[in-house]
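I opened a new page for this structure. These are my notes, in the order in which I looked things up.

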Amino acid sequence: MKTLHKTFALIALASSSAAFAASDFDTLDTDGNDAISQSEASVDAKLMSMFSELDTDQNGELSKEEFSKA
Ligand SMILES: [Ca+2]
Ligand SMILES: [Ca+2]
């Protein structure tokens, strides 16, 4: 069972990093404060590279509205 869980975790990780467009705001917002911090965004390399561009109000977090422009 442990191996199976690891496999599923790897698949989940691979699919989430492969397609940023499929990344879901609520999934990325792990602490549920309705904003994506840089550390929350760091799970997605593409999002991370766009972070400062998307953070239009430069408050260091992406709101849902800012994220929707990704
Ligand atoms: Ca958050
Ligand atoms: Ca912001």
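**Glutamine 58 and its loop**

I began with glutamine 58, which is exposed, with a relative accessible area of 58%. Its place is the loop between H4 and strand E2 (61-63). I then checked the backbone. Glutamine 58 is not a glycine, yet its phi is positive, at about 55°.

I looked at aspartate 34 next. Its phi is also positive, about 65°, and aspartate 34 is not a glycine either. I found aspartate 34 in the loop between H2 and E1. With a relative accessible area of 49%, aspartate 34 is partly exposed. The cut-off explains the label: exposed means over 50%, so 49% falls short of it.

**How far to trust the model**

I noted that this is a predicted model. The average pLDDT of the chain is 83. Of the residues, 69% score at least 70. Residues 17-22 have a pLDDT below 50. Beyond near neighbours in sequence, that stretch has seven contacts in the model. Where pLDDT is low, predicted coordinates should not be read in detail. I left that part alone.

**Calcium ion, ligand 1**

Which residues coordinate the calcium ion (ligand 1)? I listed Asp29 (OD), Asp31 (OD), Asn33 (OD1), Ala35 (O), Glu40 (OE) and Glu40 (OE). The distances run from 2.3 to 2.5 Å. Along the sequence, the donor residues of ligand 1 are spaced D-x1-D-x1-N-x1-A-x4-E.

I checked the geometry as well. The six donor atoms of ligand 1 make angles of 53 to 153°, and the site is irregular. Ideal angles for six octahedral donors are 90 or 180 degrees.

Are the aspartates at this site buried or exposed? Aspartate 29 is buried, at a relative accessible area of 5%. Aspartate 31 is exposed, at 53%.

**Calcium ion, ligand 2**

I turned to the calcium ion (ligand 2). Its coordination comes from Asp55 (OD), Asp57 (OD), Asn59 (OD1), Glu61 (O), Glu66 (OE) and Glu66 (OE). These lie at 2.2 to 2.5 Å. The spacing of the donors of ligand 2 along the chain is D-x1-D-x1-N-x1-E-x4-E.

The site of ligand 2 is irregular, with angles of 54 to 154° among its six donor atoms. I looked up the accessibility of glutamate 66 too. It is 4%, so glutamate 66 counts as buried.

**Strand E1**

I located serine 37 in strand E1 (residues 35-37). Serine 37 has a relative accessible area of 16%, and it is therefore buried. Leaving out residues up to four places away in sequence, serine 37 touches Phe51, Gly60 and Glu61.

Isoleucine 36 has a list of contacts beyond four places in sequence. Among them are Phe25, Leu28, Asp29, Leu47, Phe51 and Phe67. Gly60, Glu61 and Leu62 are also included.

**The nonpolar core**

Which residues make up the largest nonpolar core? I wrote down nine: Phe25, Leu28, Ile36, Ala41, Leu47, Phe51, Leu54, Leu62 and Phe67. Two elements give two or more residues to this core, helix H2 (25-28) and helix H4 (45-54). The largest share, three residues, comes from H4.

**Helix H4, side by side**

I followed H4 further. Its buried residues are Leu47, Phe51 and Leu54. They cover an arc of only 95° around the axis, so they sit on the same side of H4. On the other side, Ala45, Ser49, Ser52 and Glu53 are exposed. What do the buried residues of H4 pack against? I found H2, E1, helix H3 (38-41), E2 and helix H5 (64-67).

Methionine 50 is also in helix H4. Its relative accessibility is 24%, so methionine 50 counts as partly exposed. From methionine 50 to phenylalanine 67 I count 17 residues in sequence and 10.0 Å in space, C-alpha to C-alpha.

**After H5**

My last stop was alanine 70, in the segment after H5. Alanine 70 is partly exposed, with a relative accessible area of 43%. Alanine 70 and leucine 54 are 16 residues apart in sequence. Their C-alpha atoms are 6.9 Å apart in space.

Conventions: Residues are numbered from 1 along each chain as its sequence is written. Chains are lettered from A and ligands numbered from 1 in the order in which they are written. This is a predicted model: local features need pLDDT of at least 70, side-chain atom pairs count only at pLDDT 80 or more; totals for chains, interfaces and linings use all residues. Side-chain values use heavy atoms; hydrogens and water are left out. Donors are N, O and S atoms within 2.8 Å of the metal (3.2 Å for Na, K and Ca); water is not among the atoms, so sites may look incomplete. Four donors count as tetrahedral if all angles lie between 85 and 135 degrees; four count as square planar and six as octahedral if opposite donors are over 155 degrees apart and all others between 65 and 115; anything else is irregular. Buried means under 20% relative accessible area, exposed over 50%, partly exposed in between (1.4 Å probe, protein chains only). Helices (H or I, at least four residues) and strands (E, at least two) are DSSP runs, numbered from the N terminus. Contact means heavy atoms within 4.5 Å. A nonpolar core is a set of buried Ala, Val, Leu, Ile, Met, Phe, Trp, Tyr and Cys residues joined through side-chain atoms within 4.5 Å. pLDDT is the predictor's confidence in each residue, from 0 to 100. The arc is that of the directions from the helix axis to the C-beta atoms.
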